[in-house]
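Dear colleague,

Please find below the structure that I am handing over to you. My notes on what was found in it follow, and I would ask you to read them with the model open.

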Amino acid sequence: MRICENVYWYREKGWMDANTFVIKGDVTVLIDPGLSEYAWRKCEEMREDGIEPQEIDILLITHSHPDHCDALSVLKKHTNARIGLHSSQAEWASLLSEASFHFLGVKPRDFKADFLVEALKAGREERSQGERNWLEVLHTPGHTPDSVCFYLPSHAVLLCGDLVFERGIGRTDLPFGDEDALKASIERISALDVEILLPGHGNIIKGRENVRKNFAFVMNFFR
Ligand SMILES: [Zn+2]
Ligand SMILES: [Zn+2]
């Protein structure tokens, strides 16, 4: 489903799946592929929106829980897209994968980084095209140590993974969760100019005032 110019949403399909987002541009990016068993249904939905999965250049994740990252290797194999990880994700992926298996009974399929997203940032000056769709990567630990948000300043769109949801916050009772870190991350992120908030689960939130109210509401969980 098209959310705004160049931004598409494929809703989570079931247990242990997550919302998937595609940002179309000179470089087309897919964020949080979700669980492998639902990947083809999402690819079908992309085709209905006029996006061929083969067009995807880069696969990114908000964190390495299986509901977000499991389909990375399947999609990489079928699209030849490159996997970009934040350095914290490259560092934590295997530990979080083991922990997910023990606590959730699900282990994500193995994946590794083709490049670190920080490297993209360093190359920003060299980019002559695609600047309009430039994605900022913001490290927002708490739900996991490797959680990141993706911010599209040109559209005031924020993809926040399991940081916050509509009237909810990411759980911190799973291994390596940290409530104080989550609170600090939410406080930092809530200062951004956000017109459209795209969480990893549940509904999306549209409108600056609704996004602001939601951030104000979720801070109550910490009091
Ligand atoms: Zn998670
Ligand atoms: Zn999740």
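**Strand pairing around E3**

Strand E3 and strand E4 (residues 29-31) are paired antiparallel through three bridges. Please keep in mind throughout that this is a predicted model. Within that pairing, Ile23 has Val29 of E4 as its bridge partner. The two strands make a hairpin, and five residues lie between them.

On its other side, E3 is joined to strand E2 (residues 7-10) by four bridges, and these two strands also run antiparallel. Here Tyr8 is found opposite Val22 of E3.

Which way do the residues of strand E3 (residues 20-23) point? Thr20 and Val22 point one way, Phe21 and Ile23 point the other way, and all of them are buried.

**The sheet of seven strands**

These strands belong to an open sheet of seven strands, ordered E1-E2-E3-E4-E5-E6-E7, in which the pairing is mixed. Its edges are strand E1 (2-4) and strand E7 (115-116), each of which pairs on one side only. A parallel example within this sheet is given by strand E5 (residues 58-60) and strand E6 (residues 82-85), which are held by two bridges. In that pair, Leu59 lies opposite Ile83 of E6.

**Lys42 and its surroundings**

Lys42 is part of helix H1 (residues 36-48). Is Lys42 buried or exposed? Lys42 is buried, because 24 other C-beta atoms lie within 10 Å, and the cut-off for a buried residue is 20 or more. Leaving aside residues up to four places away in sequence, Lys42 touches Tyr10, Thr20 and Gly34. Thr20 has already appeared above as a buried residue of strand E3. By way of a distance across the chain, the C-alpha atoms of Lys42 and Phe217 are 31 Å apart in space, and the two residues are 175 apart in sequence.

**Two residues with a positive phi**

Most residues other than glycine have a negative phi. Two residues of this model are therefore worth a look on the display.

Met16 is not a glycine, yet its phi is positive, at about 65 degrees. Met16 sits in the loop between E2 and E3. This residue counts as buried, because 20 other C-beta atoms lie within 10 Å of it.

Ala156 also has a positive phi, near 50 degrees, and is likewise a residue other than glycine. Its place is the loop between strand E9 (148-152) and strand E10 (157-161). How buried or exposed is Ala156? Ala156 counts as partly exposed, because it has 16 C-beta neighbours inside 10 Å.

**The sheet of five strands**

The two strands on either side of Ala156 belong to an open sheet of five strands, which has the order E8-E9-E10-E13-E14 and mixed pairing. Strand E8 (136-139) and strand E14 (205-206) are at its edges with a single partner strand each, so one side of each has no neighbour in the sheet. E9 and E10 are paired antiparallel over three bridges, and Tyr151 is placed opposite Leu158 of E10.

**Helix H6**

In helix H6 (residues 179-189), the residues Leu182, Ser185 and Ile186 are buried. Why do the buried residues of H6 line one face of the helix? Viewed down the axis of H6, they fall within an arc of 100 degrees, so they line one face. The face turned away from this buried side carries Asp180 and Glu187, which are exposed. Among the elements that cover the buried residues of H6 are strand E11 (164-165), strand E12 (168-169) and helix H7 (208-219).

**The chain as a whole**

The protein chain has seven helices and 14 strands in its secondary structure. Its radius of gyration is 16 Å, close to the 17 Å that the globule rule gives for 223 residues, so the chain is as compact as a globular protein of that length. Taken along the principal axes, the C-alpha atoms fill a box of roughly 45 × 40 × 35 Å. Of the 223 residues, 42% are buried. Considering contacts between residues at least 6 apart in sequence, 66% join residues at least 24 apart.

Yours sincerely,
A colleague

Methods. Residues are numbered from 1 along each chain as its sequence is written. Chains are lettered from A and ligands numbered from 1 in the order in which they are written. This is a predicted model: local features need pLDDT of at least 70, side-chain atom pairs count only at pLDDT 80 or more; totals for chains, interfaces and linings use all residues. A residue is buried if 20 or more other C-beta atoms lie within 10 Å of its own, exposed if 12 or fewer, and partly exposed in between; C-beta atoms are placed from the backbone. Two strands pair if DSSP finds at least two bridges between them. The radius of gyration is taken over C-alpha atoms; the globule rule is 2.2 Å times the number of residues to the power 0.38. Two residues are in contact if their C-beta atoms, placed from the backbone, lie within 7 Å. The arc is that of the directions from the helix axis to the C-beta atoms.
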